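Reader: I have a model open and would love to walk through it with you. Shall we take it one question at a time?

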Amino acid sequence: MSLLAAKRLEKHYGNHVVLENLNFSVEPGEFVTLVGASGCGKTTFLKMLLGTEATSRGSLTLDDQPIPNEPGPDRGVVFQKYSVFPHLTVLGNVMIADELHSAKLLAKSFGAAKRRAVEKARSRIDEVGLDHALSKYPHELSGGMQQRLAIAQALMMRPRILLLDEPFGALDPGIRQDMHVLINRLWQEQQLTIFMITHDLKEAFELGTRLWVFDKTRHDPQAPEAYGATITYDLPISRDRPSAELKEALNQGGMKTHSQETLL
Amino acid sequence: MKRLINLAPSRGGRWLLGLLPFLLLAMLYLSLSNTRLAENPNDRLLPTPSTMASSFYHLATAENVRTGEVVLWTDTFASLERIVIGVGISALIGLMVGILNGGIPIIRAKLSPLVTVASLIPPMAILPILFIAFGTGEAAKIALIVIGVTPFLIRDLQGHALRLPDEQLIKAQTLGASSWQVLLRVLLPQLTPRLLNATRLALGTAWLFLIAAEAIAAQEGLGYRIFLVRRYLSMDVILPYVAWITLLAFLLDQLLAWVSRLAFPWYHSGEGDKS
């Protein structure tokens, strides 16, 4: 049984077709990287997985059930920015997940429950290497540290699926490399299923076990909105094969589309 | 030569430059006052600072023979009580309705047009209704402040709640938050400093309504006193009272600013030291 599956999935806004004819099934533990030109519907797709955008036609199932139509704790998320709460410290940001879970009415724990939440949060914070900044507010952290915090926060509730929307897009290359190591480790340790949107093809090859290229297969110059994007390439990435070789394979496969011009 | 926009005065220089307009105004007043008093020593329109000081001292220390009350302090406490209660009630209503309106679309659809319309009613125009409904006691004055200030606070908070990034609301939900928990842990803490800020801006309006209500019907209060002594052209009382009200307003404003900086350091992170 696959974790997540789509059959002839479509998304339109009125007459504007954003996504069409999506068919896939994803097994638990896969690391899917999503690439494609800007505005081709990758983020819309992620929002459908989150539950903030409804599907227009076709089916999108999680454990063979239609995907819930609002966000829930089984699907964690890290956005490019605004992912953490500005009014909470590092510790507070990670603790809040536990507090929301254990204190339904006040959403704040006290006494022994609080000590447990702090302990749990601290071990999460240690994992992402922010143990020296427990009582700092997000605005006092660098971009990389904020994203580490967002990851720790998202993983606090042990989601099965982690959705990443260009999480490292705004970071320096050096810091990006550290983040790759971190996300790779967490993915393996916690047996997550990850969907990551990225603009960096190298990143997509380096991290993913499966690469999806979103692009339009049909164009109508008279009505550019009539056709949506779909997954034009669904490539398994084997970790031992160097990515350069794969890129060549892609080229030979005749990837003569818009995404090739923008990405490769 | 640097561009004008890049020329910033030093710290001490900023103080001096800030003081300069006050000094100029004071000198202007003194010269006008002197010319008038030179013509007619009994002129009441522009009294000398020493006359004002002695009148003010008298009001601040002399006990009323009959009641044993000191005029200035009775007035001050009466007015402060009204404005603090009025603004306090407004802030509470503003925060609650602002959060509900900003956070829950179904409630917003019902209440938002009402708030918009209500905020356009000139509160002074319905003051007679308040006097008829609540009598001329404290309730009518407090109601006027509440009616005048609350719609502004609600609209400000609602707007701010809607400007919070969607990402934060989505994030809270992926951490398992219910609607109530989102309001409590995401909206409430982020709107409270905004409320303090909006209240600071609304204080000026609140003072306006307070003085107006006191001028029309009151037995004591800063506004009442000013309008009472107007009959005798007692500028030596009016001017110090205006200065006193300004000082009180300034202190209230600074108190709110101080509380906000102390309790919500993260809210003020974006502010530079441009003052």
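Reader: Is strand 7 (residues 161-165) of chain A largely enclosed by the rest of the structure or exposed, and how many of its residues are buried?

Author: Happy to start there; this is a predicted model, in which local features need pLDDT of at least 70, side-chain atom pairs count only at pLDDT 80 or more, and totals for chains, interfaces and linings use all residues. Residues are numbered from 1 along each chain as its sequence is written, while chains are lettered from A and ligands numbered from 1 in the order in which they are written. Strands (E, at least two residues) and helices (H or I, at least four residues) are DSSP runs, numbered from the N terminus, and a residue is buried if 20 or more other C-beta atoms lie within 10 Å of its own, exposed if 12 or fewer, and partly exposed in between, with C-beta atoms placed from the backbone. Strand 7 of chain A is largely enclosed by the rest of the structure, because the number of its residues that are buried is 5 of the 5.

Reader: Which residues cover the two faces of strand 7 of chain A?

Author: In a regular strand the side chains alternate between the two faces of the sheet. Here A:Ile161, A:Leu163 and A:Asp165 are buried on one side, and on the other side the buried residues are A:Leu162 and A:Leu164.

Reader: Which residue in strand 8 (residues 193-197) of chain A is the bridge partner of A:Ile161?

Author: Two strands pair if DSSP finds at least two bridges between them. Strand 7 of chain A pairs in the parallel sense with strand 6 (residues 75-78) of chain A over 4 bridges, and with strand 8 of chain A over 5 bridges, again parallel. In strand 8 of chain A, A:Ile161 has as its bridge partner A:Thr193.

Reader: Is the β-α-β crossover from strand 7 to strand 8 of chain A right-handed or left-handed?

Author: The chain passes from strand 7 of chain A through helix 5 (residues 173-190) of chain A to strand 8 of chain A. A crossover is right-handed if, with the strands pointing away from the viewer, the path from the first strand over the helix to the second runs clockwise. This crossover is right-handed.

Reader: Which element gives the most to the side of domain 1 of chain A that touches domain 2 of chain A?

Author: The assignment, automatic or from a database, gives chain A domain 1 (4-74 + 160-263) and domain 2 (86-158). Residues are in contact if their C-beta atoms, placed from the backbone, lie within 7 Å, and 12 residues of domain 1 of chain A contact 9 residues of domain 2 of chain A. With 6 residues, the element that gives the most to the domain 1 side is helix 5 of chain A.

Reader: Which helix gives the most to the largest nonpolar core?

Author: A nonpolar core is a set of buried Ala, Val, Leu, Ile, Met, Phe, Trp, Tyr and Cys residues joined through C-beta atoms within 7 Å. The largest one has 110 residues, and those with the most contacts inside it include A:Val94 and B:Ala206. Giving 15 residues, the top contributor is helix 8 (residues 179-216) of chain B.

Reader: Which residues does B:Thr150 touch, leaving out those up to four places away in sequence?

Author: B:Thr150 lies in helix 6 (residues 138-163) of chain B, and it counts as buried because it has 25 C-beta neighbours inside 10 Å. Beyond four places in sequence, B:Thr150 touches B:Ser90, B:Ile93 and B:Gly94.

Terms used:
Contact = placed C-beta atoms within 7 Å.
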